[in-house]
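Me: I'm new to this one. Could you walk me through how to read it?

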Protein chains: 2
Amino acid sequence: MDRRQRKTRGAIFQAFSSLLEMKRYSAITVQDIIDAADVGRSTFYAHFNTKEELLRAMCDDIFEHVFSAEVMREPEHDFSSADSFRDRITHILCHLQEKQHHIKGIFAGECGEIFMKYLREYLWEVFDRRLPEDGEIPRDYRLNHAVSAFAEGIRWWFGGHGEYTPEQISAFFFGTVDC
Amino acid sequence: MDRRQRKTRGAIFQAFSSLLEMKRYSAITVQDIIDAADVGRSTFYAHFNTKEELLRAMCDDIFEHVFSAEVMREPEHDFSSADSFRDRITHILCHLQEKQHHIKGIFAGECGEIFMKYLREYLWEVFDRRLPEDGEIPRDYRLNHAVSAFAEGIRWWFGGHGEYTPEQISAFFFGTVDC
DNA sequence: CTGATACAGAACACACTGTTCGTTACTTTG
DNA sequence: CAAAGTAACGAACAGTGTGTTCTGTATCAG
């Protein structure tokens with residue numbers, strides 16, 4: 001990738017991210033972004049067709065970092081042991097914490113929902129490998145339950161409870177849900 | 001309230017609701033709504049200052065129906081018995097099912113998030129009265145956990161699992177979470 | 001050095017928003 | 001039943017944001 005492209009892309013991400021901490025998503029205009037990023041209008045549209053696409057790209061960027069090493073690079077990992085599963089979960093939380101600065105703005109506003117949606121998709125995969133078959137309750141329901149509780153736990157964490165460590169959040173989760 | 005007002009308001013709600021089943025929220029314009037509702041432009045703005053306000057009004061409408069009899073009219077109800085709490089939850093599910101037709105469109109798209117946000121606010125109150133004090137895990141976390149799991153359970157229900165009865169959903173929930 | 005590629009910036013057509021106002025139709029009150 | 005009040009209509013309007021196009025300039029890779 002061209003150095004100019006990286007630079008521009010980074011500037012836009014940075015601008016958008018900090019704008020999100022001040023304004024709600026729908027109140028942010030493309031003009032705001034290109035002003036803050038200090039790039040030309042046509043340049044923005046050369047990178048992203050729409051504001052929404054930019055948001056999606058930012059989410060992908062984050063999740064690539066958070067999940068790549070954890071899940072993608074070891075697709076054969078079985079999560080058979082409860083301990084190893086718990087480790088994975090804690091790792092995910094650690095990586096999210098690293099990206100804290102980028103994520104906070106996204107979580108704050110209405111686009112937090114979009115972020116959550118993507119997050120849930122990734123988490124679904126992770127939990128899908130772990131959740132046991134048994135029970136009268138539909139597996140689908142239980143999977144949804146676990147993913148929802150964990151994802152919303154993360155949102156809770158970022159939304160004013162940053163004092164806890166990833167290990168603690170992990171402990172809270174496993175103390176409340178049975179996996 | 002004037003009959004004309006009611007009629008207009010109803011027509012707009014109806015139009016918006018059915019539009020939501022075909023299009024995503026942000027793709028729906030005020031023009032679309034007034035065309036579908038067959039009302040004048042100025043009339044729309046006499047009722048709602050913005051599309052967002054319309055959505056909020058619709059949500060309020062629904063929740064007033066779902067929660068009024070359950071919670072508001074008996075604010076002193078204590079939920080002390082596990083059974084009565086479970087009954088309340090089931091009642092809420094029943095009332096949601098009644099409003100199914102109006103809710104489906106809202107749930108579908110991105111504005112489902114707004115609906116969920118309101119839903120969570122109401123549920124928070126309900127669960128707040130029930131959740132015990134004890135435990136090492138912060139009460140706040142556990143409350144968030146229960147509310148999230150239940151709310152997302154409802155979304156799951158409306159999102160293609162309508163074959164289950166309110167009683168079953170209730171059973172699924174209480175079989176997964178400990179309240 | 002050179003061709004390719006990215007950026008700047010201005011101009012543009014287009015779409016949607018939210019407001020205003022004069023007119024018509026309906027509803028309530030006296 | 002009439003009169004006053006209120007809501008709806010619909011056209012016109014300015015304002016704002018979108019996404020595209022184009023020309024010229026700067027930067028990159030080989």
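**Two helices, two chains, two DNA strands**

Reply: Start with a helix pair: A:Ala146, A:Ala149, A:Phe150, A:Trp156 and A:Trp157 of H8(A) touch A:Pro166, A:Ile169, A:Phe172 and A:Phe173 of H9(A). Contact here means heavy atoms within 4.5 Å, and helices are DSSP runs (H or I, at least four residues) numbered from the N terminus. This is a predicted model, in which local features need pLDDT of at least 70 and side-chain atom pairs count only at pLDDT 80 or more, while totals for chains, interfaces and linings use all residues. Residues are numbered from 1 along each chain as its sequence is written, chains are lettered from A and ligands numbered from 1 in the order in which they are written, and side-chain values use heavy atoms, with hydrogens and water left out.

Me: What classes of residue make up the contact of H8(A) with H9(A)?

Reply: Nine nonpolar residues, with no polar and no charged ones. Nonpolar covers Ala, Val, Leu, Ile, Met, Phe, Trp, Tyr, Cys and Pro; charged is Asp, Glu, Lys and Arg; the others, Gly among them, are polar.

Me: At what angle do H8 and H9 of chain A pack?

Reply: Axes are lines fitted to C-alpha atoms, for helices over the stretch in contact, and angles run from 0 to 180 degrees between N-to-C directions. Here H8 (residues 139-158) and H9 (residues 166-176) of chain A pack at about 145 degrees, their axes 11 Å apart.

Me: What rotation superposes chain B on chain A?

Reply: Two copies of a chain are related by a rotation about an axis and a shift along it. For chain B onto chain A, the rotation is 179 degrees with 0.0 Å of shift (RMSD 0.1 Å), fitted by least squares on C-alpha atoms of residues with pLDDT of at least 70 in both. That is the relation of a two-fold axis. B:Ala149 is the residue of chain B closest to that axis, at 2.7 Å (C-alpha).

Me: And the DNA: which residues are closest to strand C?

Reply: A residue is near a strand if one of its heavy atoms lies within 4 Å of it. Strand C has 19 residues around it, the closest being A:Gln5, A:Thr8, A:Gly40, A:Ser42 and A:Thr43. Sugar and phosphate make up 64% of the strand C atoms within 4 Å of the protein.

Me: Which part of strand C does A:Ser42 meet, and how about A:Gln5?

Reply: Look for polar contacts, pairs of N or O atoms within 3.5 Å. A polar side-chain atom of A:Ser42 sits 2.6 Å from a base oxygen, whereas one of A:Gln5 is 2.6 Å from a phosphate oxygen.

Conventions:
Polar contact = N/O pair within 3.5 Å; in protein donor to acceptor, adjacent residues only side chain to side chain.
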